[in-house]
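Biologist: I am new to this one. Please show me the structure, and then let me ask about it.

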Amino acid sequence: MSASREKKQRQSSGPSEKALRAQQEQAARKRKTIIYSVIGAVVAVLVAALLVWRSGFFQARATAATLGGETITTAELSYYYHSARNSIAAYGSYLGFDTTKSDEDQLYNAADNVTYRDHFLETALNAAQEHLTLAREAEKAGHTEAEVKENLDANIAARKSEAASYGMSYAAYLKNLYGTYMTPAVYEKLTTRYLMANLVSVEKYSELFDGYSQDELDSYYQENADTLDTFEFSCLYFPVATVDTKDADGNALPEEDVQKLKDEAKEAAKKNAEEALEAVKDGASFQSQVEKYELSTSTSANNVDHAKVVGSASISSSYREQLLALAENQPELVESDNGYYVIAYHGRSLSEDLTRDVRHILVRPETETHTDENGSSHEEAPTDEAWAAAKEKIDAIKAEYDAGEKTEDAFAELAKKHSADSSASNGGLYDRSPDGYFVPEFNSWVFDASRQPGDVGIVQHAKEEDATSGYYGYHLLYYVGENEPVWMGSARDALADAAHDQWSEGLRESYPITQGSGVNYLGK
């Protein structure tokens, strides 16, 4: 074999050792590049996943519960959870709830070892179940979301206004109210659901309320007379004066001296009460004794002459049992831990006085509020100019009514449009109102013996000094007519409440609650 053929044969048999090493090194570099690329891609995916996780994207969409066959996400249940939490947080200092601590680290019911998280979660699940159940019932009854669109838009506008007042965006404000998983879309979905639920709930309640016969109402009264009867009684209260337990120099008095002072104070209260008792037994009025002893006439003081209350539960528990055991008009003395009561029972009856229905439009005069040196706000009385402007406005509304159809429905539409009262959304209607329910000028007009359905009038109620009532202003009134006695309305309420609860509970049976993993993201 020639040298050239041998060389060619060696070349064709494979790469040289040097070339082989070069190929191996190149392959190794390629493998490393691939490995590093794969690792980099995995790390990028993990980082992205971590960022998404921290954003709450997955948690918000996790299944927190199923109600029947329908899913409630964490974000949706968060709406109900934080609604329950907010209602407690508003009174946290009184209830011992600390918003800076974890919900599951605070006990709502120590006896049963129930935490606030347990309570909020249970409340949330029940509320979600109720709203979903009733919303689906509304759909079955033919109601559509278009019917609640106006109320939804008003709700959204109110939330946006609140957000702006705090310098926050709408979305940020919702998160502040309902937790980090909340979004405008979820909020609006659940608000729509609530409005739909409320639509059918009110419809059902009205159907039940109006459906009871006179026999059913009479039967209810026979079983519940104590809650419907009007009780008439008189009462005087002589509290034991509080004694000073320190001397003029601020030093604590000996215990025996303090006890002596307390005994003397108690004896003085008893002496006055016994004298007042003898006076009313001899024919003096309870009111004369209120004036003689300068007794307090505040609502909580119990110093009243021939008071009338509906239901025995409205009588103070300090003397209720003793009062109802008395013969009529036979005053007696009752001792309590802190004083003495002189009481007289005058009887009980079922009031058949008819209630009245009225619609009204309230126009308030503009006022100014100032803050005193203690930081307390005080609303000034309206100026003459403000009253004049309010009168001009109420006259213009009446002129608008007079120029129209002059019907109850037309008046109701004007109330929705113009009234500053909370009843505006209901067309300004106050139904089944008893005599004495309204401010004096309003009440006198409504319960005038000559009043006829369809009557329209204007009354003015001036702002009382330091009064908190918002009913001052001009009232344009439309008299609708008489209605049933108060007790019948109370009986209808009680019967309808019980029947409505039974109806609602029956619906919820088709939507049993099953918790999902999403509940773990709430309240921790």
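Questions and answers on the core, the salt bridges and the surface follow.

Modeller: This is a predicted model, where local features need pLDDT of at least 70, side-chain atom pairs count only at pLDDT 80 or more, and totals for chains, interfaces and linings use all residues. Residues are numbered from 1 along each chain as its sequence is written, and side-chain values use heavy atoms, with hydrogens and water left out.

Biologist: Which helix gives the largest share of the largest nonpolar core?

Modeller: A nonpolar core is a set of buried Ala, Val, Leu, Ile, Met, Phe, Trp, Tyr and Cys residues joined through side-chain atoms within 4.5 Å. The largest one has 46 residues. Elements giving two or more residues to this core include β1, α4 and α18; helices and strands are DSSP runs numbered from the N terminus (helices H or I, at least four residues; strands E, at least two). The largest share, 10 residues, comes from α6.

Biologist: Which residues is M182 in contact with, leaving aside its neighbours within four places in sequence?

Modeller: M182 is among the residues with the most contacts inside the largest core. Contact means heavy atoms within 4.5 Å. With those neighbours left aside, the partners of M182 are A75, Y79, L174, K175 and Y187.

Biologist: How many residues apart in sequence are the parts that R85 and D103 tie together?

Modeller: R85 and D103 meet in a salt bridge at 3.1 Å, N to O. A salt bridge is a side-chain nitrogen of Lys or Arg within 4 Å of a carboxyl oxygen of Asp or Glu. R85 lies in helix α4 and D103 in the loop between α5 and β3, so the parts tied together are 18 residues apart.

Biologist: Is R359, the salt-bridge partner of E408, buried or exposed?

Modeller: The closest N and O atoms of E408 and R359 are 2.9 Å apart. Buried means under 20% relative accessible area, exposed over 50%, and partly exposed in between (1.4 Å probe, protein chains only). E408 has 24%, so E408 is partly exposed. R359 has 11%, so R359 is buried.

Biologist: Why are E275 and K271 separated by about one helical turn?

Modeller: E275 and K271 form a salt bridge, with the closest N and O atoms 2.7 Å apart. Both sit in helix α12. The separation is about one helical turn because the two are four residues apart.

Biologist: Which strand holds H306?

Modeller: Phi of H306 is near 55°, a positive value in a residue other than glycine. At 42% relative accessibility, H306 counts as partly exposed. The strand is β6.
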